[in-house]
Amino acid sequence: MALVSISEAARLAGISRTHLYKKYLAEGILSKTQDEQGNSMIDTSEILRVFGKLHGDNSVTGEVNTTLHQDLQSENSAFKAKIEMMELLLQEKEARINDLKDSIKLIGHDQPKKKRFWFF
């Protein structure tokens, strides 16, 4: 597996760096190696052996993200269908309003104006 720095190992383990030094490295629970520059490194297989899983591991969150993405896509398509239906209803409503306006105009032209009984 890959070698990571002490800080990265602490992040992957989900604990603080000082806790990793005091509890796991000092007691020999985790073993460390050195790279070509002499930096202390920890193999990720050691972290997996001691802690069981990596907190920075995206395999579980990837599955959750995929499921969430599929749910959002289905919800999005449902909303699109609803919007199309509302647009059709709106067009029908506007056509009905225009028909009623035309009817009112026709009714208004057929009626003669009433004469007032007073003449001022």
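**A walk through a predicted protein model**

Let me start with the outside of the protein, where the accessible surface comes to about 10200 Å², of which 56% belongs to carbon and sulfur atoms; accessible areas here come from the Shrake-Rupley method with a 1.4 Å probe, and for residues only the protein chains shown count as cover. Please keep in mind that this is a predicted model, in which local features need pLDDT of at least 70 and side-chain atom pairs count only at pLDDT 80 or more, while totals for chains, interfaces and linings use all residues. Residues are numbered from 1 along each chain as its sequence is written, and side-chain values use heavy atoms, with hydrogens and water left out.

Now to the overall plan. The secondary structure comes to 4 helices and 3 strands, and from the N terminus on the elements run β-α-α-β-β-α-α; helices (H or I, at least four residues) and strands (E, at least two) are DSSP runs, numbered from the N terminus. Of the 120 residues of the protein, 14% count as buried, where buried means under 20% relative accessible area, exposed means over 50%, and partly exposed lies in between, with a 1.4 Å probe and protein chains only. If we take the contacts with a separation of 6 or more, residues 24 or more positions apart account for 49% of them, a contact being heavy atoms within 4.5 Å.

Let us turn to the sheet. In what order do the 3 strands stand in the open sheet? The order is β1-β3-β2, and the pairing is antiparallel, with two strands counted as a pair if DSSP finds at least two bridges between them. Because β1 (3-5) and β2 (33-34) stand at the edges, each with a single partner strand, one side of each is left without a neighbour in the sheet. Between β1 and β3 there are 3 bridges, and here leucine 3 stands opposite aspartate 43 in β3. On the other side, 2 bridges join β2 to β3, which covers residues 40-43, and glutamine 34 faces serine 40 in β3. The strands β2 and β3 also form a hairpin with 5 residues between them, and in its turn glycine 38 has a positive phi of about 90°.

Next comes the interior, and in particular the largest nonpolar core, which has 13 residues. By a nonpolar core I mean a set of buried Ala, Val, Leu, Ile, Met, Phe, Trp, Tyr and Cys residues joined through side-chain atoms within 4.5 Å. Which members of this core touch the most other members? They are Ala9, Leu20, Leu30, Ile42 and Ile47. Helices α1 (6-13) and α2 (17-25) each supply at least two residues of the core, and the largest share, 5 residues, comes from α1. Leaving out residues up to four places away in sequence, isoleucine 42 touches a long list of residues, including Ala9, Leu20, Leu30 and Ile47, and also Ala2, Leu3 and Val4.

Phenylalanine 51 is worth a pause as well. Its place is in helix α3 (residues 44-51), and at 24% relative accessibility phenylalanine 51 counts as partly exposed. Although phenylalanine 51 and alanine 13 are 38 residues apart along the chain, their C-alpha atoms are separated by 6.5 Å. Not counting residues up to four places away in sequence, phenylalanine 51 touches Ala13, Ile15, Tyr24 and Leu30.

I would like to look at charged side chains too. How many salt bridges does a search of the whole structure find? The search finds 2, a salt bridge being a side-chain nitrogen of Lys or Arg within 4 Å of a carboxyl oxygen of Asp or Glu. One of them joins glutamate 8 and arginine 11 at 2.5 Å, N to O, and both residues lie in helix α1, 3 residues apart, about one turn of the helix. Glutamate 8 is partly exposed, with a relative accessible area of 27%, and arginine 11 is partly exposed as well, at 48%. In helix α3, glutamate 46 and arginine 49 are likewise 3 residues apart, and their side chains meet in a salt bridge of 2.7 Å, N to O. Is glutamate 46 buried or exposed? Glutamate 46 counts as buried, because its relative accessibility is 16%.

Finally, back to the surface. Met85, Met86, Leu88 and Leu89 form a nonpolar patch with about 410 Å² of accessible area together. Patches are made of residues with over 30% relative accessible area and no salt bridge, where like charges are joined within 9 Å and nonpolar side chains (Val, Leu, Ile, Met, Phe, Trp, Tyr) within 5 Å. Leucine 89 lies in helix α4 (residues 59-110).
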